[in-house]
Amino acid sequence: MKQNAGQPGLSARDIVAKAEAGDITVIDVRDPMEVQMSGMAEGAINIPLAVLNFQTDPRHPDFHDALDCAKPVALYCASGGRSSMAAQVMERNGFAEVHNIGGLAHWAQAGGKIAR
């Protein structure tokens, strides 16, 4: 799994730039209530961890139509724990390039906009 700043892969700032250019799909794995309370990364898709396995499995009828297994993805949650688990699930489901931003605060600190 690719990680954010400090480890191999893209930094949070790199991910923000790629997201703005449309070169990476950003996924918020938090529950809808958390998203409602704090907003989410501008342009992100909300796929809660509880349903992520189904919505990121191209063989499943509930596969999210905004996803492409060949396109890089970046995940975040509140602190990075759930997004780390989500990254493992997505790699098992065939996504070739998966990055863990960490938490929504990491996105914001890297210059990413928050949609309310």
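In what order do the elements of the chain run from the N terminus on? In this predicted model, they follow the pattern β-α-β-α-β-β-α-β-α-β-α-β, which amounts to five helices and seven strands. The radius of gyration of the chain is 13 Å, close to the 13 Å that the globule rule gives for 116 residues, so the chain is as compact as a globular protein of that length. Along its principal axes, the C-alpha trace spans about 35 × 30 × 25 Å.

The contacts and the surface can be read next. Of the contacts in the chain with a separation of 6 or more, 63% are accounted for by residues 24 or more positions apart. Buried residues make up 44% of the 116 residues, while the accessible surface of the chain comes to about 5,900 Å², with 52% of that area belonging to carbon and sulfur atoms.

Turning to charge, the chain carries 10 positive and 13 negative side chains, and the centres of these two sets lie 4 Å apart. Side chains of opposite charge can pair when their charged atoms come close. A search of the whole structure finds three salt bridges, and these can be taken in turn along with the exposure of each partner.

One of them joins R30 to D28, with the closest N and O atoms 2.7 Å apart. R30 has a relative accessible area of 3% and D28 one of 0%; because buried means under 20% relative accessible area, R30 counts as buried, and D28 is likewise buried.

Another salt bridge brings together the side chains of E34 and R82, at 2.7 Å from N to O. E34 lies in helix α2 (residues 32–38) and R82 in helix α4 (residues 81–92), so this pair ties together parts that are 48 residues apart in sequence. As for exposure, E34 is partly exposed at 23% relative accessibility, and R82 is also partly exposed, with a relative accessible area of 23%.

The remaining salt bridge is formed by D57 and R59, whose closest N and O atoms are 3.1 Å apart. Is each of these partners buried or exposed? D57 is buried, with a relative accessible area of 12%, whereas R59 is exposed, with a relative accessible area of 69%, so that this salt bridge links a buried aspartate side to an exposed arginine side.

Conventions:
Residues numbered from 1 in each chain as written. Predicted model: local features only at pLDDT ≥ 70, side-chain atom pairs only at ≥ 80, totals over all residues. Heavy atoms only, no water. Helix = DSSP H or I, 4+ residues; strand = E, 2+ residues; numbered from the N terminus. Rg over C-alpha atoms; globule rule 2.2 N^0.38 Å. Buried < 20%, exposed > 50% of the residue type's maximum accessible area, 1.4 Å probe, protein only. Contact = heavy atoms within 4.5 Å. Areas by Shrake-Rupley, 256 points an atom, 1.4 Å probe, with all protein chains shown as cover. Lys, Arg positive; Asp, Glu negative; His and termini not counted. Charge placed at Lys NZ, Arg CZ, Asp CG, Glu CD. Salt bridge = Lys/Arg side-chain N within 4 Å of Asp/Glu carboxyl O.
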